[in-house]
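Colleague: Please take a close look at the salt bridges of this protein. I should like to know which residues take part and how well each is covered.

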Amino acid sequence: FRELVIPNILVFLSPSSTALRSRSGRSIINGNWAIDRPGRYEGGGTMFTYKRPNEISSTAGESFLADGPTNEVIDVYMIHQQPNPGIHYEYIIPGDNVISPQLLAHRRPGEPLNGQLGMPESTNQEDEDLHRETDTLTGQSAGTFPVIQPGRFPSHQPENQVPAVQPPRQNREHNWKQIGKTECTTTCGKGSQYPIFHCVNRITHEEVSESYCDSSTKPIPEEEACNLFPCPAFWDIGEWSECSKTCGLGMQHRQILCRQMYANRTLTVQQYRCHHLEKPETTSTCQLKICSEWQIRTEWTSCSVPCGVGQRTRDVKCVSNLGDIVDDEECNMKLRPNDIENCDMGPCAKSWFLTEWSDRCSAECGDGVRTRSVVCMTNHVSSLPLEGCGNNRPSETTPCNNGPCAGKVEWFAGGWTQCSTECGSGSQQREVICVRKTEGNFDVLNPYECSYLEKPPSQQSCYLKPCGSKWFHTEWSTCSKSCEGGFRVREVRCLSDDMTASTQCDPQLKPEEKEPCNTQDCIPEIDENCKDKYYNCNVVVQARLCVYTYYKTACCASCTRVANRQSGFLGRR
């Protein structure tokens, strides 16, 4: 280990490990064989800045730097881990001409200061010796330090060798001085700035032309970080999305992010950092144009039937915002008003309501019957007595035949009686006899004759329907037209078991309430008294003379035929 006492400023460069320790034995940097992190460390009455090769631009090694002054002796230690390339050191003595600390901070080890290494020219031998000791140790110094050549291990100096004394550098009247810094490139979020050096008189510090100073010794401005505090957070507002509707009132959206600028980069941060700002809206209403709308152009027509349930219509059109009638697709079909609806003109006096015929014949062979329910409807909600609809009650049964029965002895079962209950569980009875069917007749036999056959049951349980609801309908009304297509209607109602109105019927099984009728073309009636009296009545028609009474009578058939054609054509238009 070697010791080096530095009064004010120390720069120590080496690829080997280095350490600082006070004369009292207290470690300042890299003590106790442990390597400290680069940084600032207090010791000897000043603050030392410790840098490593990867922390500085120079590749010469690590360094110690202190502004001074020191108030005690500081020892510098070096551990030889590999051949040492050399040691560079500098120091200054307080004097009248104070050198700016910023200038020292930007000076490289071994670089001349103010055009020379050291302070102004000394007036005595002691100052000259001190001046020589501040130079770079590239050869044998006048002091007691060994010569250290880069790339070689230090060697001992022979006792008879005379040290070479370097002459003092010429003193100059002017030097470079830092007078300030450039403006920071940003007001916040980490910008950069550079020191500004001007040539000044060393005595008066008055600025002079740069030609008075040595340009080769002008310090190189190094970039310094400034305004490190983050910029205030702000709301980054995105573009609005397209309107959700092509017409009419719609919605549009945009993205709002809380962002912050730092080191020329924009970062997305938590939204609470923008709490001091009012957050812009993320949604907004929009309307590209006014939509077309539905308009009801006419009132409802009269009901299609004088009584019972019929239909009525009205004219509904899609109209643009300019008032033109456009296709229905231009309007919202979900909002289209009804242009047809049912109309109830009240019961047509009293009507018989019928169900559909049963699907099954009562007899498996021969003659049988199918049944249906018949009820007289007096009004919409009251009970439905069987009287009041007249004596012309529709039949509840209709004959059916599943084919002739074979001529053999067999049990013949009659039709079942009606179920003892109209809904739910009940019972039915029938007569069962032994017969032999002959051509067109049945011969009743003794039951003994059929004893070898399984006798059908004469009684069974029955379940017509759950005590629920069923569709009933009236007979069809008279067709609205006798030819060329009319329609007829009937009333359909859902009735519960007690024959009151209900809503529990299956809508898919509901019978039709309206159907077309008399779709055949109209044929004009022939009047036997209306005949053509002349053979050339076609000329009368061509000459359009049928408007005159004489020709209308003389050519009655031809004129009538033309008139019917014209009225039919106008009707179709």
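Modeller: The answer below gives the setting briefly and then turns to the salt bridges.

This is a predicted model, in which local features need pLDDT of at least 70 and side-chain atom pairs count only at pLDDT 80 or more, while totals for chains, interfaces and linings use all residues. Residues are numbered from 1 along each chain as its sequence is written, and side-chain values use heavy atoms, with hydrogens and water left out.

The protein has 573 residues, of which 32% count as buried. Buried means under 20% relative accessible area, exposed means over 50%, and partly exposed lies in between, with a 1.4 Å probe and protein chains only. Its secondary structure comprises five helices and 33 strands; helices (H or I, at least four residues) and strands (E, at least two) are DSSP runs numbered from the N terminus.

A salt bridge here is a side-chain nitrogen of Lys or Arg within 4 Å of a carboxyl oxygen of Asp or Glu. By this rule there are 12 salt bridges.

One of them joins R312 and E341, with 2.4 Å between the closest N and O atoms. This pair links distant parts of the chain, as R312 lies in strand β17 (residues 309–313) and E341 in strand β20 (residues 340–344), 29 residues apart. R312 counts as partly exposed because its relative accessible area is 28%. E341, at 25% relative accessibility, is likewise partly exposed.

A further salt bridge brings together the side chains of K218 and E210, at 3.5 Å from N to O. K218 has 30% relative accessibility and therefore counts as partly exposed. E210 is also partly exposed, at 43%.

The side chains of K510 and E513 form another salt bridge, again 3.5 Å from N to O. Here K510 is partly exposed, with a relative accessible area of 34%, whereas E513 counts as buried because its relative accessibility is 18%.

Salt bridges also link D328, R336 and D339 in a network.

For orientation in the sequence, an open sheet of three strands has the order β16-β18-β19 with antiparallel pairing; two strands pair if DSSP finds at least two bridges between them. Its edge strands, β16 (293–296) and β19 (325–326), each pair on one side only. Strand β18 (residues 316–319) is joined to β19 by two bridges, and V319 has I325 as its bridge partner in β19.
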